[in-house]
Amino acid sequence: MWQTRTGASAAAVEVAAGLLLATAVSDALGFAALSFYLLVVGVPVTAIAALVCFGYVVDSVNGGRADVLGRLHTLLSGCLIVAIVVGAAIREPWVPADSVPPAATVALAFGFGLLILQALVALVPARRQPS
């Protein structure tokens, strides 16, 4: 029997993806300060997403099953937090100049890569343990 992932972890990834997409769009439109503040808002939002994923893993362990994909999803969420914090830290000195440093673009691209990996992990169905 197969079961699907929780909607909470999918929604958390979607919110983080929306913030990163809004950051990329504001970069493209030349609003570097807005991009920085979107990333600052993205830190607690992504942390909440990681905690939702972690809670799902804890629940699965307490339920007597090992959720390897959930653990991978949680690890990727933690890496996404790091990418967003690093991206915001790189951008902060450049906010008064209203420009985006190339390293910040790399951090944003890395964040998108992590989101793609999270989406692929979420697409893999979880196996239900026989009762």
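Here are some short exercises on the predicted model above, each with a worked solution.

Before you start, note that residues are numbered from 1 along each chain as its sequence is written. Because the model is predicted, local features need pLDDT of at least 70 and side-chain atom pairs count only at pLDDT 80 or more, while totals for chains, interfaces and linings use all residues; side-chain values use heavy atoms, with hydrogens and water left out.

**Exercise 1: the overall layout**

Work out which pattern the protein follows along the sequence.

Solution. Start with the elements: helices (H or I, at least four residues) and strands (E, at least two) are DSSP runs, numbered from the N terminus. The protein has four helices and two strands. Read in order, they give β-α-α-α-α-β. Next, take burial: buried means under 20% relative accessible area, exposed over 50%, and partly exposed in between (1.4 Å probe, protein chains only). Of the 131 residues, 35% count as buried.

**Exercise 2: helix 4 and its sides**

Compare the span of helix 4 with its expected span, then find where its buried residues lie.

Solution. The expected span of a helix is 1.5 Å times one less than its number of residues. For the 22 residues of helix 4 (residues 102–123) that gives 32 Å, and the end C-alpha atoms are 32 Å apart, so the two agree. Now list the buried residues: Ala104, Ala107, Leu108, Gly111, Leu114, Leu115, Gln118 and Val121. They cover an arc of only 135° around the axis (taken from the directions from the helix axis to the C-beta atoms), so they sit on the same side of helix 4. Turned away from that buried side is a face with the exposed residues Pro102, Val106, Ile116 and Leu123. Pro102 has a relative accessible area of 66%, which is why it counts as exposed. In space, Pro102 is 9.4 Å from Ile90, C-alpha to C-alpha, with their positions 12 residues apart in sequence.

**Exercise 3: a salt bridge**

Find which side chains meet in a salt bridge, and which helices they join.

Solution. Apply the rule: a side-chain nitrogen of Lys or Arg within 4 Å of a carboxyl oxygen of Asp or Glu. The count comes to one salt bridge. Its partners are Asp27 and Arg91, at 2.7 Å, N to O. Asp27 is in helix 1 and Arg91 in helix 3, 64 residues apart, so the pair links distant parts of the chain. Both Asp27 and Arg91 are buried. Helix 3 itself has 24 residues and reaches 35 Å from its first C-alpha to its last, close to the expected 34 Å.

**Exercise 4: an aromatic pair**

Decide how the rings of Phe36 and Tyr37 are arranged.

Solution. Rings of Phe, Tyr and Trp (its six-membered ring) pair if their centres lie within 6.5 Å; planes under 30 degrees apart count as stacked, over 60 as edge-to-face and the rest as tilted. One pair results. The ring centres of Phe36 and Tyr37 are 5.0 Å apart and the planes are at 65°, so the pair is edge-to-face. Phe36 is buried, because its relative accessible area is 12%.

**Exercise 5: a residue in a loop**

Place Asp98 in the chain and say whether it is buried, partly exposed or exposed.

Solution. Asp98 lies in the loop between helix 3 (68–91) and helix 4. Its relative accessible area is 40%, so Asp98 is partly exposed. Its phi is positive, about 55°, although Asp98 is not a glycine.
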